[in-house]
Amino acid sequence: MVDASSAYPDQEEKVKITRRRFTLGVLLAAGAGALGSLLSLVKVLAPEMKGGGYVATVGPGDQLVYAQGSRQGSHLRASEFQVGDAVLAYPQGKTGNQANIVQLIRLKETEFRPPIRQELTDQGFVAYSAVCTHLGCIVSWVKSPQDPAPSYTECFCHNSLFDPARGAKVIGGPAPIPLAQIGVKVSKDGILVFTSGFSGPIGPQV
Ligand code: FES
């Protein structure tokens, strides 16, 4: 039988192991279907860790920018999103810390159910950490082709499923806790802006 203390001789080693898992997780997510667009995410190091998760540096007033694709680095404008759309985004100027990456989704406000924190949403926009709470892969959006069938957030590494209308509650797979919600609003200029930090722990809960 393996003694847990010998498996993780000290905290520094534990952090190294988790960082390796993070990088592997990003690679697996890329292999799941978005290789080209996610390769840029691999270029930076895994985030700092503290306690049971990653240390994010996003905060109120930070503006959301596209994390990938031809519009990478451009502001997210509310007018660009229909109900059912979702993208990966970063706070502008803080893209070097992968703990900051979020999935921004536009839903029907009437679909919101507890434990979502509705005060952290605006005009149907809701955002969650995009780092899976199992082993740290980047989650994907699975859009239902038929309304009103629900759409979900899924982590393809080990098939964890999260319900964005219910606070990213875990509805399948090994993820131990929901994805942390973060406040967003539409500014007077029509761009998406963060209004808070994350509501809970982010990253793998090792
Ligand atoms: S890392 Fe997401 S389900 Fe395992």
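How many residues lie between E11 and E12 in their hairpin, and which residue in the turn has a positive phi? There are 5 residues between the two strands, and the one with the positive phi is Gly190, at about 85 degrees. Before going further, keep in mind that what you're looking at is a predicted model.

Let's stay with that hairpin for a moment. Strand E11 covers residues 181–186, and its pairing with E12 is antiparallel, with 4 bridges holding the register. If you want a spot to anchor your view, pick Val184: its bridge partner in E12 is Phe194. Strand E12 itself runs over residues 192–198 and is mostly covered, with 5 of its 7 residues buried.

Now zoom out. The protein has 206 residues, and 47% of them count as buried. On the secondary-structure side, you'll find 3 helices and 12 strands. The contact map leans on long-range pairs: among contacts with a separation of 6 or more, 57% come from residues 24 or more positions apart. As for the outside, the protein exposes about 10000 Å², and carbon and sulfur atoms supply 54% of that area.

Next stop is a sheet. Four strands make it up, in the order E7-E8-E9-E10, and this open sheet is antiparallel in its pairing. Its edges are strand E7 (140–142) and strand E10 (169–172), each of which pairs on one side only. Neighbouring strands here are turned by 40 degrees against each other on average, if you ignore direction.

Walk across the sheet from E8. Strand E8 takes up residues 152–155 and strand E9 residues 160–163, and the two are joined in the antiparallel sense by 3 bridges. Thr153 is a handy marker, since Phe162 in E9 stands opposite it. Carry on to the other side of E9 and you meet E10, again antiparallel and again with 3 bridges. Phe162 turns up here too, this time facing Val170 in E10. So what closes the connection between E9 and E10? They form a hairpin with 5 residues between them, and Gly167 in the turn has a positive phi of about 70 degrees.

While we're in this region, look for the sulfur link. A search of the whole structure turns up 1 disulfide, and it joins Cys137 to Cys157 with an S to S distance of 1.9 Å. The torsion about the S-S bond is -90 degrees, which makes the link left-handed. What does it hold together? Cys137 sits in the loop between strand E6 (125–129) and E7, while Cys157 sits in the loop between E8 and E9, so the pair ties together parts that are 20 residues apart in sequence.

Are these cysteines buried or exposed? Cys137 is buried, because its relative accessible area of 3% is under the 20% cut-off. Cys157 is buried as well, at 17%. Two other cysteines deserve a look: Cys132 counts as buried at 2% relative accessibility, and Cys155 is also buried, with a value of 2%.

The last feature is aromatic. How many aromatic pairs does the structure hold? The count is 1. A pair like this is described by the distance between the ring centres and the angle of the planes. For Phe81 and Phe125, the numbers are 5.8 Å centre to centre and 85 degrees between the planes, and the pair is edge-to-face. Phe81 lies in the loop between strand E3 (64–66) and strand E4 (86–91), whereas Phe125 belongs to strand E6, so the pair ties together parts that are 44 residues apart in sequence. Both partners are hidden from solvent-sized probes by the burial criterion: Phe81 is buried at 5% relative accessible area, and Phe125 is buried at 0%.

Right beside Phe81 in the numbering comes Gln82, which is also placed in the loop between E3 and E4. Is Gln82 buried or exposed? Gln82 is exposed, with a relative accessible area of 53%. One more distance to check in your viewer: the C-alpha atoms of Gln82 and Leu107 are separated by 8.3 Å, although the two residues are 25 apart along the chain.

How values were computed:
Residues are numbered from 1 along each chain as its sequence is written. This is a predicted model: local features need pLDDT of at least 70, side-chain atom pairs count only at pLDDT 80 or more; totals for chains, interfaces and linings use all residues. Side-chain values use heavy atoms; hydrogens and water are left out. Two strands pair if DSSP finds at least two bridges between them. Axes are lines fitted to C-alpha atoms, for helices over the stretch in contact, and angles run from 0 to 180 degrees between N-to-C directions. A disulfide is a pair of cysteine sulfur atoms within 2.5 Å. Buried means under 20% relative accessible area, exposed over 50%, partly exposed in between (1.4 Å probe, protein chains only). Contact means heavy atoms within 4.5 Å. Accessible areas come from the Shrake-Rupley method with a 1.4 Å probe; for residues, only the protein chains shown count as cover. Rings of Phe, Tyr and Trp (its six-membered ring) pair if their centres lie within 6.5 Å; planes under 30 degrees apart count as stacked, over 60 as edge-to-face and the rest as tilted.
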